[in-house]
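Subject: Structure handover

Hi,

Here is the structure I promised to pass on to you. Have a look at it first, and then read my notes below.

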Amino acid sequence: MITRTRLATGACALLAALAAGMAFPAGAAAGEPTGEDAPKVDLVLDVSGSMRTRDIDGGTRMAAAKQAFNEVLDATPEEVQLGIRTLGADYPGDDRKTGCKDTAQLYPVGPLDRTEAKTAVATLSPTGWTPIGPALLKAADDLDGGDGSKRIVLISDGEDTCAPLDPCEVAREIAAKGIGLTIDTLGLVPNTKMRQQLSCIAEATGGTYTSVEHTDELTDKVNQLVDRAADPVVTPVATEGADACAKAPTLKSGLYTDREEFGQQRWYRVDVEPGQELRASVSVGADRAVNPSYGVLLRAVTVHGREIVRGEATGNGRTDVLSTGLRYPKQESDDDDGDAPAEAVCLQVTNSFSVASGVKTTPGLPLELTVDVVDGPGDSDDVAAFGLGRGWWLLGLLVLVGFLAGLVWGWLSRWRFAIWRTN
C-alpha cells in the first residue's frame, strides 16, 4: 500500500526559493514558466547493509531497487538530465566517522547514457551505514546551477545513522539556499521512526513521501517523480503587500511571493468583474524553528471592511508549510447595458506563528499567494446545481427506464396471473 503525505496546495515547493530572498524580474508575467535549462533529477539510493533483507516480493530490497532503476532509466524523458548518488555503498567497517562520509556519485547528473547507468547500478552491493544527511548535502551540490527544475528522489529502507546531523535540518538548510530544489522520499517497508524522518525531509522542501512494499510500486512512483521534473517551472513574481487595504497592490491572476513578519497582516487587492469567480490560496512557510500551535488566515473583504469569505488552517508543529484558500463568485449584473464596474476585493493574510527567544524574527516568513480570476459558472450550465450538475440527465434517464420497466413488469404479472386462472 502506498501512503502519500502531501503538504500544501499549488506551488508550495517554490517557497524554498523565496526563503533565500531571491529577486524576480519585475517585468515577468505572474506565474509564467521561465528558464531554458534542462530539468535535473538526482536519484539517491540507500545501499546500506539492511538492503540485503528479503521482504519485497520474495527478493531483497536491493534487488527491487535495481529492477526499479532499470525500468526508470528506460522510461526517463530525453530532456531530463539524470544522475545517481549512493549512500552506504563503499565502507563495510564499524568506524562511525568514516561510515558517515560514505556517499558517492555513481552516475553524474547530465545527459543520460542508459547502458552506462544500468551497468553502474548492477555493480551495487549492500554494504555499510545510512548517512542520509551527508548524502542530501552532496546531492544538492550535484544539482547546483541552472534555472530548470531540480529534484532529489531519496530511496531508503531505514533512518539516518549519522546523528547529530539531522536529515530534516539538512533539508531545511537546502530549502533556505533558495535553489528551488524539491526532495521526494520513498521508504522501503518503513517503520514509524523512518516514516517520520522521511516525511519531515520531504515536507521541508514541499516534496512528497511514499511508503513502498512492492517493486512495481517503487517503479511507478520513481517514474512519476522523474516525469514531474520535466514539467515547466513556474516562477512566482515578487510583490509587497501593504498594512491596509487602501494601500494594497492590485494583483492579476498569477503566482506571487512576499514575506510576512510574525503576527503581521498583509493586504492585496484583486478586481473581480460581474460573472467572474475569484479563487485564491496562500501558503506560509516556517523557514526557522517555530513554536507549535499556529495558524494562517486568508480573508476576502470589501473595500469597506465587510468580510465576504474566509479560509483558515491550523498546525501543531508537524509541518513546515501551512496553506489555505477561498473562492468568491461575483454574480452577473442586472444592468441591461452590462457596464457594471469591477469590484475591488481585498485579500488579507494573517499568521499566528511565534518563535522562542533567540530565534531571529527577520526577515519575515516566506509567503506564496496564488490568485486566479476565472469566468464564473452560468445559471444554465452550473455544474454544481443542486449538487447534481449534469447528473440531471442521468437522473431523468433512470426515471424513464424505471417507469418503462414498471409497465413491462406489471403487464407480465397480469399475463401470468391470467394464465394461472385459466389453468
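Let me start with helix α2. The buried residues of this helix are R61, M62, A64, A65, A68, F69, V72 and L73. They sit on the same side of α2, because they cover an arc of only 160° around the axis. Bear in mind throughout that this is a predicted model. As for its dimensions, α2 takes in residues 61–75, which makes 15 residues. From first C-alpha to last it reaches 21 Å, close to the 21 Å expected at 1.5 Å a residue.

Next, the sheet. In what order do the strands of the open five-stranded sheet run? Going across, you meet β10-β11-β18-β13-β16, and the pairing is mixed. The edges belong to β10 (237–238) and β16 (321–329). Each of these has a single partner strand, so one side of each is left without a neighbour in the sheet. For β16, have a look at how it pairs with β13 (residues 276–285): the two are antiparallel, over nine bridges. If you want a spot to zoom in on, G285 stands opposite V321 in β16.

While you are around there, follow the chain from β10 towards β11 (254–260), since the loop between them holds D243. Is D243 buried or exposed? With a relative accessibility of 55%, D243 counts as exposed, because the cut-off for that is over 50%. D243 and R266 are 23 residues apart along the chain, yet their C-alpha atoms are separated by 5.6 Å.

Another aspartate to look at is D141, in helix α5 (residues 132–142). Its relative accessibility is 49%, so D141 counts as partly exposed. Between D141 and I174 there are 9.8 Å in space, C-alpha to C-alpha, and the two are 33 residues apart in sequence.

Finally, the surface. Which residues form a nonpolar patch there? They are V408, W409, W411, L412, W415 and I419, and together they have about 690 Å² of accessible area. To find the patch, go to helix α9 (residues 391–422), where W411 has its place. W411 counts as exposed, because its relative accessibility is 57%.

So, if you only have a minute, I would colour two things: the buried residues of α2, which lie on the same side of the helix, and the nonpolar patch on the surface that includes W411.

Over to you!

Definitions and conventions. Residues are numbered from 1 along each chain as its sequence is written. This is a predicted model: local features need pLDDT of at least 70, side-chain atom pairs count only at pLDDT 80 or more; totals for chains, interfaces and linings use all residues. Side-chain values use heavy atoms; hydrogens and water are left out. Patches are made of residues with over 30% relative accessible area and no salt bridge: like charges are joined within 9 Å, nonpolar side chains (Val, Leu, Ile, Met, Phe, Trp, Tyr) within 5 Å. Accessible areas come from the Shrake-Rupley method with a 1.4 Å probe; for residues, only the protein chains shown count as cover. A salt bridge is a side-chain nitrogen of Lys or Arg within 4 Å of a carboxyl oxygen of Asp or Glu. Helices (H or I, at least four residues) and strands (E, at least two) are DSSP runs, numbered from the N terminus. Buried means under 20% relative accessible area, exposed over 50%, partly exposed in between (1.4 Å probe, protein chains only). The expected span of a helix is 1.5 Å times one less than its number of residues. The arc is that of the directions from the helix axis to the C-beta atoms. Two strands pair if DSSP finds at least two bridges between them.
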